[in-house]
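Here's a walk through a few spots worth pulling up in your viewer. Have the sequence open alongside as you read.

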Amino acid sequence: MKKLGLLYLIATFLFCSLSYAQVPTSVDILGDNMSYKEISRKLNKIGTDIKNGKIVSDDISEYISYINDIRSQLQSRRKDVESQIKFIEKRLEAIGDNEGSKEVQVIAQKRQEFNREMTTEKARVSEIDILLTRLDELDMAIFNLRNEELWGNLLKSGNPLIYPSAFINANRQLLSVIFDIIKSPLTWHNDLTSAQKDTVRAKALPVSIFVLFITFLGFLLRRFIFRRFGYRDEIEQPRYGRKVVAAVAACISYGIIPALLIGVGLLWIINGKILTNGFFGVALNSFLYYSLYIIMLRAIARVIFTPYHENWRLINMSGEKAKRVTNALYKSIYLIGFLAYLQHIVEVSNYPIELMEYLVAVSAIAKSFCVVWVAGRILWSGNSFSDNDDEALEENNKADDAEDEKRDDNAFRITFTLFVLALGIAGLSLSGYAYLASFIINNFILSVLVIFSLWVFRKIIYEFIHRILLLGLWLKTFRMRRHVMRKLDFWLGFIIEPLFIIGGIFAVLVLWGVPADILMNMTYKAFMGFTVGGIRISLISIIIGMIVFFICITIIKSLRLRMENRLLAKMDMDEGTKHSLAAGFSSLGYVASALLAIAIMGGNLTNFALVAGALSVGIGLGLQNVVNNFVSGIILLFERPIKVGDWVVINGEEGKIKQINIRSTEVETFNRASVIIPNATLLSTSVTNLTHGNNWMRFTVAVGVAYGSDTKRVKEILLECAAAHKKVLKKPEPYVLFQNFGASSLDFELRGYSSNIWDGWDIPSDLRYEINRRFAEEGIEIPFTQMVIHRGSEVGQETQEQFYASKKKREKKNADK
């Protein structure tokens, strides 16, 4: 039997050896003759070129592409080699420990073969790790090289303008440029030959007629666009998508006539070589180009703030403030456009470099203070009120002082920060670092424009998604409920929001000089995984783990409902036991989902015992309350007995849930006081949640009428008042109760329902106003508390009916008087 067992073991290893021999192994790391030496030689050449400075932008892009490609292949190859090492380790474990001289020769040979293979594969892993480290070094070297190129040009110092002589000389040269531009038409005309002058006179009339025709055509086109797609004052609340369409149409309309005229001028200048001669041609051509830019920027500013169509404004702003901001933007655009025009003239013409540096400095200072001016108009300008406008003053006085103070504080911080930035730009410009100052302020303005554009595009996407979800297709065809649609709307927004944030950060970093290929490489590393302290972190794995967790939670909730409705409902046991079984099932499901998600994210479950032991020691040393509140916070977040925005009553404190933190919950009372309640208290005490399932509420209005009033008419009036109120639900219908025969009145109570608990104070107040008005019209008396004394003989002679009849006669007599 021992011999048979030994023969069986030998046959098994021979079979494994033959199987392993079929797996091709290459001495090359990546195949295709890509050995360690060849890759190292290529990487050393790249490093030498970077060190010696023998590299251009195209070479950098090519090297980065090569590095990224090699890194991806090396990482993939490393995983394959590690898998091969694990396979060899399993075969070595199958052989068992080395028995020395007693070991069978075949097994000893296989052990030596497997050990050689293990050594070879580990050497490959070491070579791959060395190459990956070299790639990281080259990445950093390229990054530093690009930074040197970027900041090296920006940090070049020119002539400081703080010296009076340099400032006066630069202004003298600037005045000379302006004078040259003014006299350039006359100089150009004097330099023309007689034939050229005749050509200009001959073309003047046809060109004028063509310009008039283009102007008329542009006017008709502008009118058509405005009528078809422009603003419509009869629409009081247009959708945001409709606002954007109208804004684009208005932008085209405001700029189309000037654009056509400028386009005709440019075509004439380009085709007719007469106007392109000399300095006048450069000045005229540049003037037309920059005029086009100014007109289009002016049109964009006008359609964004829409000073004359308040309902169609893209941002929430009062009409007076929009007019002031638009006026500030117009003047800023004119000033910056004029300075940019002068910069272009100086750059393309043979003027001193010192004059160019001076214009760059002046332009940077002008831009920075224009930013402060426009931001101040946006943050601080308010509605203007006349002395006689009592209604406007009353509305202004009703503003919440706390919110105004907070808004003013934020406005002050932003304005102060921008003012400090403007002073810094001015200091850099006057110190000779004009190009650095221009780089900072230009990229700052472009960053703001990029963020604003993404914000508008985000609102357009949200509007599109919202309109798609409102289609009747989902309700009629797929039978989806409205609360499911609301949740779907929320989760789609939750997914889209990070994409816009990442896109905004990416665009802003590119504007500030970070190379796009490096950003793409960093993003790839972040998503595909990077190692920190021996732990591999991958955003894709984290996202997949979160998705799996929420899918598992949804499945567990569905299974719990099926268990409660189908399985446990048929069992003969008390409700408490049923609930305990269902809750235990869901708890185990939550734990299993969390462990599965952690495993997918790359967590090591074997370390949980150490973590649990450490937590046990911490809890035993005095963290009971902290851990209790922490666990209670997690339970509140997942079980959701309360949520942010709920109106609750806790230990006599009534208020709105402001925040649910890990340790405590903040409740804001009616008088704006904040009550901090530990999470453990919320779980151990009774909590009345007035908005747990929905925001419905029941209201009551108590009213008393005088004895002798028509009770049926009173009921009708109360129901009519409730039916006329817009915020009172029709179903369930409001109803009236005849509560009591009071000491001085017949007591009634009107009860109704509203779909919004936050109207719980307004609805009863409105109904009381309306009931008082209707009772006065109907002659129904709401009596004071009173006591009527009669003499016994008179009361004995009169019946109750006669008493009320005599009372009505007295009231009628008094009314006639």
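## Ser754 and its surroundings

S754 sits in strand β10, which covers residues 746–754. Keep in mind that this is a predicted model. Is S754 buried or exposed? With a relative accessible area of 1%, S754 is buried, since the cut-off for that label is under 20%.

What does the side chain of S754 have for polar company? One of its polar atoms lies 3.3 Å from the backbone oxygen of K727. K727 also turns up in the contact list of S754, along with N695, W696, M697, L729, D759 and I763; residues up to four places away in sequence are not counted there.

## A hairpin from β5 and β6

Next up are strands β5 (residues 664–669) and β6 (residues 674–678), which pair in the antiparallel sense over 5 bridges. If you want a handle on the register, take T665: its bridge partner in β6 is I677.

β5 and β6 form a hairpin, with 4 residues between the two strands. Check the turn for R672, where phi is positive, at about 70°. As background for looking at strands, side chains in a regular strand alternate between the two faces of the sheet.

## Salt bridges on the helices

Side chains of opposite charge can pair when their charged atoms come close. How many salt bridges does a search of the whole structure find? The count is 20.

Take E117 and R91 to begin with: their closest N and O atoms are 3.3 Å apart. E117 belongs to helix α4 (residues 105–154) and R91 to helix α3 (residues 57–95), so this salt bridge ties together parts that are 26 residues apart in sequence. Both E117 and R91 are buried. Helix α4 also holds the salt bridge between R124 and E121, with the closest N and O atoms 3.2 Å apart. These two residues are 3 apart in α4, which means about one helical turn separates them. R124 counts as buried at 10% relative accessibility, and E121 is buried too, at 5%.

## Another pair, and a network

R458 and E497 make a salt bridge whose closest N and O atoms are 2.9 Å apart. Why does this pair tie together parts that are 39 residues apart in sequence? Because R458 lies in helix α13 (residues 434–469), while E497 lies in helix α15. R458 is partly exposed, with a relative accessible area of 21%, and E497 is partly exposed as well, with 27%.

Salt bridges can also join up into something bigger than a pair: R713, E716, E720, R774 and E778 are linked in a network of them.

## A nonpolar patch on the surface

Which residues form the nonpolar patch on the surface? They are F490, W491, F494, I495, M546 and F550, and together they have about 630 Å² of accessible area. Helices α15 (482–511) and α17 (539–567) are the elements that give two or more residues to the patch. Of these, α15 gives the most, with 4 residues.

M546 is placed in helix α17. With a relative accessible area of 38%, M546 is partly exposed, and so it clears the patch cut-off of over 30%.

Definitions and conventions: Residues are numbered from 1 along each chain as its sequence is written. This is a predicted model: local features need pLDDT of at least 70, side-chain atom pairs count only at pLDDT 80 or more; totals for chains, interfaces and linings use all residues. Side-chain values use heavy atoms; hydrogens and water are left out. Patches are made of residues with over 30% relative accessible area and no salt bridge: like charges are joined within 9 Å, nonpolar side chains (Val, Leu, Ile, Met, Phe, Trp, Tyr) within 5 Å. Accessible areas come from the Shrake-Rupley method with a 1.4 Å probe; for residues, only the protein chains shown count as cover. A salt bridge is a side-chain nitrogen of Lys or Arg within 4 Å of a carboxyl oxygen of Asp or Glu. Buried means under 20% relative accessible area, exposed over 50%, partly exposed in between (1.4 Å probe, protein chains only). A polar contact is a pair of N or O atoms within 3.5 Å; within protein, one must be able to donate a hydrogen and the other to accept it, and residues adjacent in sequence count only if both atoms are side-chain atoms. Contact means heavy atoms within 4.5 Å. Two strands pair if DSSP finds at least two bridges between them.
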